[in-house]
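Visitor: Can you walk me through this one? I'd like to go straight to the backbone.

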Amino acid sequence: MKKIEAKHPRAIRWFHWINVPLLTIMIWSGLLIYWANDVYRVGFGDFTLVHFFPDKFYDLTGIGHRLAEGMAWHFVFLWLFAINGAAYVIYTLASGEWRYLVPTAASFREALEVMLHDLGLSKEPLPRRKFNGAQQIAYTSIILMGFGSLVTGLAIWKSVQFGWLTALLGGYQAARVEHFLLTLGYVGFFAVHITQVIRAGWNNLRAMITGYEVVEVAGPVERQAEGS
Amino acid sequence: MTEESANAQVRSEIARKTRRSFLAGGVATLAGLSCFEWMRSRRADEDEPWPLRIGLRADEQLSRDYFRPSRLARTFPAAAVETGRPNGDIGLGDDPDPDWKLNFGEQALSLADILALPKTVMITELKCIEGWSRVIQWGGARFSDFLAKFNDEPLDGGSYVSLETPDGEYYVGLDMESAMHPQTLLCYEMNGRPLEPQHGAPLRLVTPVKYGIKNIKRIGTIEFQRSRPRDYWAERGYDWYAGF
């Protein structure tokens, strides 16, 4: 028998979905800024494996020659990104939702099992909880990364008035690299997140939209038997 | 109630909830997109939609409130010094005038007047707004020392400094506290040698509390204003404050 169960609180759903356009604007405007000095690459010596970014990327996206525009959006929308993130953290702490989200010692072992399962290397069933260990680690990490982006961003933006922070992060150029790496981290997170949402199916995604999921429970006959 | 009809009820209930959520989500998405489109298409105030300008000015006010002249930009050991990377020659069109004078109010000062001021040498990082930076050893006179010697105008926190190249092609504005910062120099020496023309000879501004765009080369005129002076790159869409 099917039953509707509450899963994600309304506040968390709003914070989550509001973050989508805000983070998009931050990444987009960040790319407009990065273009002006696009020196990062993966490689060694003269050999470059990946350059961020090839000309084709800029041609395709229309990112280029828009530094001033990028800075304006970035330094205005950072506040909305920060406020939404702070509101989420305060809400999860105050409501007790953090208990589902923060990993425990057991989460790391469980995350490994989830990974093996998802890669088809293990037939063990997934834990049936709101968030499994892998999710707890991922969803807590992404919050720490958001905080990291704000901190590294502040160290770049106000590198003299918050000079102690810039020094702590290894200097101005180091803070810029860290800020960029965190952005790559979001892109990686996004790729895995979307894959997992597709794999989990509509009932799971619908819960993030409506707040409710449909679950299979024991039928009324058996239930009565249990109750009597 | 049979299990079949109970399940049907669940299906219709979740369908109702889904419709409601999509309606709310759709309205929110449209509102968000409209906001974005509205912002993007507003009348330009110095080449930036005015809502973004208001945001940048708010950032500027907060930055100025938080600013303390005692917080110094990082200084580096001599071994960290790099060669310069000249970027931007606006206002440097002609060869430097051998009869160059610094126009400051009624006064026409010579380089000798600036050289006579106490000399400050510092190794700081010049940060270009494009994202790169260079560690350079600068030599020059503190702007505050320059004012102590040559200025007789009353100044306060509502004062601004305007600096322009001799030909007026390039110009920047500075808030008073950034101008008075102990690391803001009228600079005539770079990496131990007299300033080269491409770096702003004979006299340029160096201030590690601002992006490179504010570090104007070849200063021709300095004056005080009671409102934010015009600024070359601010007129082209950049933040007027541009300060660290």
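Visitor: Is E46(B) buried or exposed, or somewhere in between?
Guide: E46(B) is partly exposed, because 18 other C-beta atoms lie within 10 Å. The cut-offs are 20 or more other C-beta atoms within 10 Å for buried, 12 or fewer for exposed, and partly exposed in between, with C-beta atoms placed from the backbone.

Visitor: Before we go on, what kind of model is this, and how are things labelled?
Guide: This is a predicted model, where local features need pLDDT of at least 70, side-chain atom pairs count only at pLDDT 80 or more, and totals for chains, interfaces and linings use all residues. Residues are numbered from 1 along each chain as its sequence is written, while chains are lettered from A and ligands numbered from 1 in the order in which they are written.

Visitor: Back to E46(B). What is its phi?
Guide: Near 50° for E46(B), a positive value in a residue other than glycine. E46(B) sits in the loop between α1 (3-40) and α2 (50-66) of chain B. Helices here are DSSP runs of H or I with at least four residues, strands are runs of E with at least two, and both are numbered from the N terminus.

Visitor: And what about phi at A242(B)?
Guide: A242(B) is not a glycine either, yet its phi is positive, about 45°. A242(B) lies in the segment after β10 (221-225) of chain B.

Visitor: Buried or exposed, that A242(B)?
Guide: A242(B) is buried, with 24 other C-beta atoms within 10 Å.

Visitor: Where are the cis peptide bonds?
Guide: One runs from F52(A) to F53(A), with omega near 0°. F53(A) is in the loop between β3 (47-51) and α2 (55-61) of chain A. Another runs from A201(B) to P202(B), with omega near 5°. P202(B) is in the loop between β8 (193-194) and β9 (204-206) of chain B.

Visitor: New topic. How many helices and strands in chain A?
Guide: Chain A has 10 helices and four strands. From the N terminus the order is β-α-β-β-α-α-α-α-α-α-α-α-β-α.

Visitor: What box do its C-alpha atoms fill?
Guide: Roughly 75 × 40 × 35 Å for chain A, along the principal axes. Of its 228 residues, 21% count as buried.

Visitor: How much of the contact in chain A is long-range in sequence?
Guide: Take the contacts in chain A with a separation of 6 or more: residues 24 or more positions apart account for 65% of them. Two residues are in contact if their C-beta atoms, placed from the backbone, lie within 7 Å.

Visitor: Helix packing next. At what angle do α5(A) and α6(A) cross?
Guide: Helix α5 (residues 105-118) and helix α6 (residues 133-157) of chain A cross at roughly 110°, and their axes come within 6 Å. Axes are lines fitted to C-alpha atoms, for helices over the stretch in contact, and angles run from 0 to 180 degrees between N-to-C directions. So α5(A) and α6(A) are roughly perpendicular. Angles of 65 to 115 degrees count that way, under 35 is roughly parallel, over 145 roughly antiparallel, and the rest oblique.

Visitor: Which residues make that contact?
Guide: From α5(A), they include A106(A), F108(A), A111(A) and M115(A). From α6(A), they are G133(A), A134(A), Q136(A) and I137(A). By class, the contact of α5(A) with α6(A) has seven nonpolar, three polar and one charged residues. Nonpolar covers Ala, Val, Leu, Ile, Met, Phe, Trp, Tyr, Cys and Pro; charged covers Asp, Glu, Lys and Arg; the others, Gly among them, are polar.

Visitor: How do α1(A) and α8(A) cross?
Guide: The axes of α1 (residues 10-34) and α8 of chain A come within 12 Å and cross at roughly 135°. That makes α1(A) oblique to α8(A). The contact joins L23(A), I27(A), G30(A) and Y34(A) of α1(A) to F180(A), T183(A) and Y186(A) of α8(A).

Visitor: Now the two chains. How many residues does each put into the contact?
Guide: Chain A gives 30 residues and chain B gives 36. On the side of chain A that touches chain B, the largest share, eight residues, comes from α3(A). That side divides into 17 nonpolar, seven polar and six charged residues.
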